[in-house]
Amino acid sequence: MPSERVPRNAPCPCGSGRKSKHCCGRTDSAPTTINAPLFPRTSSADYPLATVVRYGPDDRTATKLVAAVFQYDGAEPVLARWVATDLDTNKRIQEECAAFLKEHKAKRVVTVPEILGCPHEEGEDFPKGADCPFCPFWRG
């Protein structure tokens, strides 16, 4: 079987533009964290499967948390969103997110340590295909 290992200094396959060793190929991740391009295929035993993602106006400030639970492969997710200026330290939001995952019986949670992008929703807060006018950091 051919190796699927990505060399540490190669560009990360997730498309972030960072080296693999500084992105999804990090070895200091918590054992429960799954790095999307490198995790093994999910099986029916992994479901309900959850994702938890942070968004913000730049790569240092998280202002929106989105949790999604997929009951089975191909299912539409059940979503929950939280918005706050103190997202990373807000105990109420952390407790509500944990309760949401427990309520939907998530067996596995997929997340990344980085803030993934703008907290505004394309098509709702700004036109589809356009850059967010509120978050110039993510422009382009």
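Trp-82 is buried, and Phe-100 is buried as well. In this predicted model, these two residues make a useful starting point, since a search of the whole structure finds 2 aromatic pairs. One of them is formed by Trp-82 and Phe-100, whose rings meet edge-to-face, with 6.2 Å from centre to centre and 80° between the planes. This pair links distant parts of the chain, for Trp-82 belongs to strand β3 whereas Phe-100 belongs to helix α1 (residues 91-103), and the two are 18 residues apart.

Another aromatic pair is made by Phe-137 and Trp-138, whose ring centres lie 4.9 Å apart with the planes at 85°, so this pair is edge-to-face. Here the rule behind the word can be followed step by step: planes over 60 degrees apart count as edge-to-face, and the 85° between the rings of Phe-137 and Trp-138 therefore puts the pair in that class. As for their surroundings, Phe-137 counts as partly exposed, with 45% relative accessibility, and Trp-138 also counts as partly exposed, at 26%.

Trp-82 appears again around Thr-63, a residue found in the loop between β1 (49-55) and β2 (64-70). Is Thr-63 buried or exposed? Its relative accessible area is 15%, and because buried means under 20%, Thr-63 is buried. Leaving aside residues up to four places away in sequence, Thr-63 touches Tyr-55, Gly-56, Pro-57, Trp-82, Val-83, Ala-84, Leu-87 and Pro-119.

**Salt bridges**

Side chains of opposite charge can pair when their charged atoms come close. How many salt bridges does a search of the whole structure find? The search finds 5 of them, and the table sets out some, including the closest distance between N and O atoms.

| Salt bridge | Closest N to O distance |
|---|---|
| Arg-108 and Asp-46 | 3.2 Å |
| Glu-121 and Lys-64 | 2.7 Å |
| Glu-121 and Arg-81 | 2.9 Å |

Consider the salt bridge between Arg-108 and Asp-46, with its closest N and O atoms 3.2 Å apart. Arg-108 lies in strand β4 (residues 108-111) and Asp-46 in the segment before β1, so the pair ties together parts that are 62 residues apart in sequence. The partners are not equally accessible, because Arg-108 is partly exposed, with a relative accessible area of 26%, whereas Asp-46 counts as buried at 13%.

Glu-121 forms a salt bridge with Lys-64, in which the closest N and O atoms are 2.7 Å apart. That pair links distant parts of the chain, with Glu-121 in the segment after β4 and Lys-64 in strand β2, 57 residues apart. Glu-121 counts as partly exposed, with 21% relative accessibility, while Lys-64, at 8%, counts as buried.

The side chain of Glu-121 also meets that of Arg-81 in a salt bridge, at 2.9 Å from N to O. This again links distant parts of the chain, since Arg-81 is in strand β3 (residues 78-83) and Glu-121 in the segment after β4, 40 residues apart. Arg-81 is partly exposed, and its relative accessible area is 44%. Which residues do salt bridges that share partners join into one network? They are Lys-64, Arg-81 and Glu-121.

Note on methods:
Residues are numbered from 1 along each chain as its sequence is written. This is a predicted model: local features need pLDDT of at least 70, side-chain atom pairs count only at pLDDT 80 or more; totals for chains, interfaces and linings use all residues. Side-chain values use heavy atoms; hydrogens and water are left out. Helices (H or I, at least four residues) and strands (E, at least two) are DSSP runs, numbered from the N terminus. Buried means under 20% relative accessible area, exposed over 50%, partly exposed in between (1.4 Å probe, protein chains only). Contact means heavy atoms within 4.5 Å. A salt bridge is a side-chain nitrogen of Lys or Arg within 4 Å of a carboxyl oxygen of Asp or Glu. Rings of Phe, Tyr and Trp (its six-membered ring) pair if their centres lie within 6.5 Å; planes under 30 degrees apart count as stacked, over 60 as edge-to-face and the rest as tilted.
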